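I opened a new page for this structure and jotted down what I looked up, one entry at a time. Come along and read with me.

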Amino acid sequence: MSAPYCRTIAASAGLPVGGKAEGLRRLLELGLPGAAAFVIVGARETLSDELFAEVLQHYEALGAGPVAVRSSALGEDSEDASFAGQYDTLLNVSGAEALRAAIEACLASAHNERATAYREARGEDARGQAAELAMSVVVQRMVDARAAGVLFTADPVSGRRDRLVIDAVEGLGDALVSGLVTPDHAVLDPALHVVAYERAGEDAVLHDDALRTLARHAREAEARVGAPLDLEWAIDQAGEVVFLQARPITHLAADPRALDLMQAPEHFYTKCNIGEMMPGAITPLSRSLTARGIEVGMQRMYVQCGALPAETPEHLYVAVFSGHMFLNLTGVLGISGRVAGSTPDQACLAICGQRVEAAERALPPPASAVVQYRNLLRYAAFILGAGRRVPKLRRCVDDLRALAAGLPRAADARAMWERIDAGLPAWWEAFEHHLACSSPAGAMAPVLLRVTAQNDPPDAQDVARVAELLSGATDVESADIAAGIDRIVDALLDIPSAWERFVLPEPEEALAWLRSPASGLAGERFHTYLERHGHRTVRELELHQRDWADDPLPLIRSMRSAVRARATDTPAASVRTHATPLREREPLSRGLRALVGRAHAAVRLRETTKSLLVKAGQHLKHAYRTLGAALAAEGLLPDDDAVFFLTHQELRRLLGGEAALAPLAVARRKTYAYQMDLVFEEIFVGRPEPVRPVFDAGDGVIMGKPVSVGIARGRARVVRTLEEASAVEAGEILIAPITDVGWTPYFGLLGGLATDVGSAVSHGAVVAREYGVPCIVGTQHGTSMFRTGDRVELDGSTGRLRRLADDE
């Protein structure tokens, strides 16, 4: 072992100086202004007189004034592990004796309990590592700091590479690092504009000029390194910036915007309609399959109607921002100018439930009358022929079922991927047929509104009238999802031991009992239910989401809530009143009855093909899980779940030897949790920024679109996830971002329903009408303006949701 020695930071290249010293040398290489320093290499806990004499020479070269003494162990401040706070740092050390004591304290911290526990938590041999560890120590000239802090050239929480984050405190930065004070928090964009600044105190620690100076230095350093950096900095009393440390950001999440799809920055985008089909974020695999499937279906529909010349591999109508899908409203509205009988304002009302005049004004001139009427004839034929597509869609389901069943017989993961790839045309075709079969339902609601509206433009009463006309459809596939749960609950209530065997135990035990012969008719009905609806779930076109057949526990929780409410005669948490049905108030003309009949048939068709599309997706999910298991077994992925965090095309590259994609999948999985919580405006221009839901009910009133008439008064239950919905009690008024099929089992408990997003023909509206649950959709901010426990009144005839006064 060589004797310990000292080197200036500039002369330490290639030496085993540890992370912090290497970071200081990196500052010099990057051209960042830094404080002079030297490093002691290979020392043990007690300094020899010879070594300390060398230390004093370097100390005098720094000016023999106050210094900072910092640990610098090998592996510290690396991309894999920061060892933040595990070893000692001593500040404002002055004089020879104090310096010697500080250095020896740093060396001894290699064996402290914090560092030992940290190494053990990382799976290292803590004792062996400590015994072999030769701690280097950095001695750095102290900066008389007016302000100090840390800077990240990427957001360390979200992983966004287009954000630079600065935390700042007055004076030295040790209080910040130790967590003793709350810093000012600034966020800058790539153009070095300050997009957010949160003050911890009355006055800002840093102003814009200082923020931009720090950011400019940091961006230049990041460009030289080619990777995001974590920098410590200070600003001295003269206003000069000094950087104290530079290191990689450890365990940085994947960039949540890396897979964004945007057609044009000047286009309008909306989460309406598509947000009902796929609420929340999608995984990268679903981006390449579900988002692409919707795009393919839309393009083929427009080609067949003459509104689009030819199908293209480019995304024209589906956008993706931070993992969330949106419709390109500008692109979709442009189609209305190529088909007679549809106008941009009507298309806006159909998609968004409101006019978007700025988007309408920005559209190119419409096609000639000849082209529009020719395309109208094509569209009419397209609509009338929609029902003939159902057998074709069933064949797509059969093809994908055969693909999933035969996949385990493939020789290896590469052969599996090739089989899946060859089977994807059936997936694209399934979307084509479902979207075609959904078109009549989408067309009928605006037609009914035009025919029956008593105001121009139509008001909430006109919309409510259409909602009443749409109610009463029979044999709707999705309505049976809730009705089937009721049948099981009826059977459970006839079993004397159901309370002890089903309601009281843990959900897993309740499921095991329901699947046993002891559950009798209830178990038989549950088995039948899963055979018919087991492919359904919340967010069911997300390939990562397990369906009810794979994970029935969400159903168990909803049924337990229903049994509990009915078995104990729990008083309803709301009072529901209904107006006299429209058909009794005013007889319908023969022509209107015919239109209503067609609208009901269109809803049945749409819900039938949606179920078939989800069934196709179930088979594709199983195929990719089989592929994921094979990739994990071959050592290409860390686990089978990681397959969902690469796109279909990236999986091919992974099989081709691009090993860096495996850790990328793990990083994206971490990002996915962040993406799921993001909330965006309903309509926006260009790339959106997430918005923070703010509780501000103002006068306690919010308006939505009435889709199921009736009035409900009672206690609100505000939820954002299906898991939270398991707390719903009988009669409560549910306020949620959106309700897709996965929420249906709870509908039998609800007194009323309000959603941030939705339309008259969305799933939640259809089922609410069949259950007679007053419902409004499109409140936009209902989930942020009310809280669980509020007493509210929901009016399904006017679209109003309001907080009740104490004396109401």
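**Entry 1: His 58.** I began with His 58, which is found in helix H2, residues 49-61. A caution for the whole notebook: this is a predicted model. Is His 58 buried or exposed? I found a relative accessibility of 17%, so His 58 counts as buried, since the cut-off for buried is under 20%. Leaving out residues up to four places away in sequence, I listed what His 58 touches: Cys 6, Arg 7, Thr 8 and Phe 38. Thr 8 sits 50 residues from His 58 along the chain, and I noted that their C-alpha atoms are separated by 7.8 Å. I also checked the side chain of His 58, which reaches the backbone oxygen of Glu 54 at 3.1 Å.

**Entry 2: a charge over a ring.** Next I looked at Arg 100, which lies over the face of Phe 52. The distance I wrote down is 4.8 Å from the ring centre.

**Entry 3: Ser 439.** My next stop was Ser 439, found in helix H15. Its relative accessibility is 9%, so I put Ser 439 down as buried. Which backbone oxygen lies 3.0 Å from a polar atom of the side chain of Ser 439? I found that of Leu 435. Setting aside neighbours within four places in sequence, I saw Ser 439 in contact with Met 301, Tyr 379, Phe 382 and Ile 383.

**Entry 4: the nonpolar cores.** I then turned to the largest nonpolar core, which has 87 residues. Which of them touch the most other members? My list reads Trp 427, Tyr 624, Leu 627 and Leu 651. Helix H15, residues 413-452, gives this core its largest share, with 14 residues. I followed Tyr 624 further: not counting residues up to four places away in sequence, Tyr 624 touches Leu 285, Leu 289, Ile 420, Leu 424, Val 643, Phe 644, His 648 and Leu 651. Apart from this core lies another, of 49 residues, and I noted Ile 481, Leu 511, Val 773 and Val 777 among them. A reminder to myself: in soluble globular proteins, nonpolar side chains tend to be buried together.

**Entry 5: aromatic pairs.** How many aromatic pairs does the structure hold? I noted 11. In one of them, Tyr 302 and Tyr 317 meet edge-to-face, with 5.0 Å centre to centre and 75 degrees between the planes. I placed Tyr 302 in helix H9 (residues 284-304) and Tyr 317 in the loop between H9 and strand E13 (318-321), 15 residues apart. Tyr 302 is buried, with a relative accessible area of 10%, and Tyr 317 is buried too, at 4%.

I looked up Phe 326 and Phe 680 as well, another edge-to-face pair, at 5.5 Å centre to centre and 90 degrees between the planes. Phe 326 lies in strand E14 (residues 324-328) and Phe 680 in the loop between helix H25 (661-676) and strand E16 (683-685), so this pair ties together parts that are 354 residues apart in sequence. Both Phe 326 and Phe 680 are buried. I also saw that they belong to one aromatic cluster with Tyr 269, Phe 321 and Phe 684.

**Entry 6: helix H16.** I checked how covered helix H16, residues 460-470, is: nine of its 11 residues are buried. Among them I noted Asp 462, Arg 465 and Glu 468, along with Val 463, Ala 464 and Leu 470. Just after H16, Gly 472 takes a positive phi of about 95 degrees.

**Entry 7: cysteines.** How many disulfides did I count? Zero. Why is Cys 352 without a bond to Cys 272? The sulfur of Cys 272 is the closest cysteine sulfur to that of Cys 352, but at 4.3 Å it is too far for a bond, because the two sulfur atoms would have to be within 2.5 Å. For Cys 775, the closest cysteine sulfur is again in Cys 272, and 15 Å is too far for a bond. Cys 352 is buried at 9% relative accessible area, and Cys 775 is buried at 0%.

**Entry 8: the whole protein.** Last, I stepped back. I noted 28 helices and 24 strands in the protein. Of its 808 residues, 55% count as buried. The C-alpha atoms fill a box of roughly 105 × 70 × 65 Å along the principal axes. Among contacts between residues at least 6 apart in sequence, 70% join residues at least 24 apart.

How values were computed:
Residues are numbered from 1 along each chain as its sequence is written. This is a predicted model: local features need pLDDT of at least 70, side-chain atom pairs count only at pLDDT 80 or more; totals for chains, interfaces and linings use all residues. Side-chain values use heavy atoms; hydrogens and water are left out. Buried means under 20% relative accessible area, exposed over 50%, partly exposed in between (1.4 Å probe, protein chains only). Helices (H or I, at least four residues) and strands (E, at least two) are DSSP runs, numbered from the N terminus. A nonpolar core is a set of buried Ala, Val, Leu, Ile, Met, Phe, Trp, Tyr and Cys residues joined through side-chain atoms within 4.5 Å. Contact means heavy atoms within 4.5 Å. Rings of Phe, Tyr and Trp (its six-membered ring) pair if their centres lie within 6.5 Å; planes under 30 degrees apart count as stacked, over 60 as edge-to-face and the rest as tilted. A charge sits over a ring if NZ of Lys or CZ of Arg is within 6 Å of the ring centre and within 35 degrees of the ring normal. A polar contact is a pair of N or O atoms within 3.5 Å; within protein, one must be able to donate a hydrogen and the other to accept it, and residues adjacent in sequence count only if both atoms are side-chain atoms.
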